[in-house]
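Let's take a walk through this model together, starting with one residue and then moving on to a group of rings. Keep the structure open as you read.

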Amino acid sequence: MDFDWIAIALSTVVAGGLGAAWYSPALFGPAWMAEIGLDEGDAGPAGREIAGSVFSCFVASLAMAWLLGGLGITGVGPGLLAGAIVGFGIVAMAMLSDALFSGWSARLYLIQVGYRALYLILIGGIQGWFAA
């Protein structure tokens, strides 16, 4: 299978950028920190964490490209739908089990799942667009 590395790189950047915005003070950062028991003073250098997050976005982009290519899915709409199915049908449900057994609040679960589902939808749309 041939991969469109530009689509994968763009998907990775978009997903990582969404994470930076999602967990920023302007969006869900303060609520997320409160839910996990941290305050701004606890936040330190996060180089390893950011690198790991970017790597996970890259792997998700690569996996979505492989999935869409293998299924012959092209176009923005079908790509968005595939991303939603993966995001909500697989990732959100797997994380629900984690949330229940780990004692996460509904708020923390929605913050965490919301980011991952949305970035998978965006990755699917980008991958579908490049494949069309």
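**A buried serine and an aromatic cluster**

Ser61 is buried in this predicted model, because its relative accessible area is 0%, and buried means under 20%. You will find Ser61 in helix H3, which covers residues 47–71. Which residues does Ser61 touch, once its neighbours within four places in sequence are left aside? The contacts are Ile8, Ser11, Thr12, Ile123 and Gln127.

Now let's turn to the rings. A pair of aromatic rings is described by the distance of the centres and the angle of the planes. The structure has seven aromatic pairs. One of them joins Trp22 and Phe28, with 4.6 Å centre to centre and 45 degrees between the planes, a tilted arrangement. How accessible are the two partners? Trp22 has a relative accessibility of 13%, so Trp22 counts as buried, whereas Phe28, at 31%, is partly exposed.

Trp22 also pairs with Tyr115, and this pair is tilted too: the centres are 6.4 Å apart and the planes 40 degrees. Why is this pair worth finding on the sequence as well? Trp22 lies in helix H1 (residues 5–22) and Tyr115 in helix H5 (residues 106–131), so the pair ties together parts that are 93 residues apart in sequence. Both of these residues, Trp22 and Tyr115, are buried.

Finally, zoom out a little. Trp22, Phe28 and Tyr115 belong to one aromatic cluster, which also includes Tyr23, Trp32 and Tyr119.

How values were computed. Residues numbered from 1 in each chain as written. Predicted model: local features only at pLDDT ≥ 70, side-chain atom pairs only at ≥ 80, totals over all residues. Heavy atoms only, no water. Helix = DSSP H or I, 4+ residues; strand = E, 2+ residues; numbered from the N terminus. Buried < 20%, exposed > 50% of the residue type's maximum accessible area, 1.4 Å probe, protein only. Contact = heavy atoms within 4.5 Å. Phe/Tyr/Trp six-rings, centres within 6.5 Å; stacked < 30°, edge-to-face > 60°.
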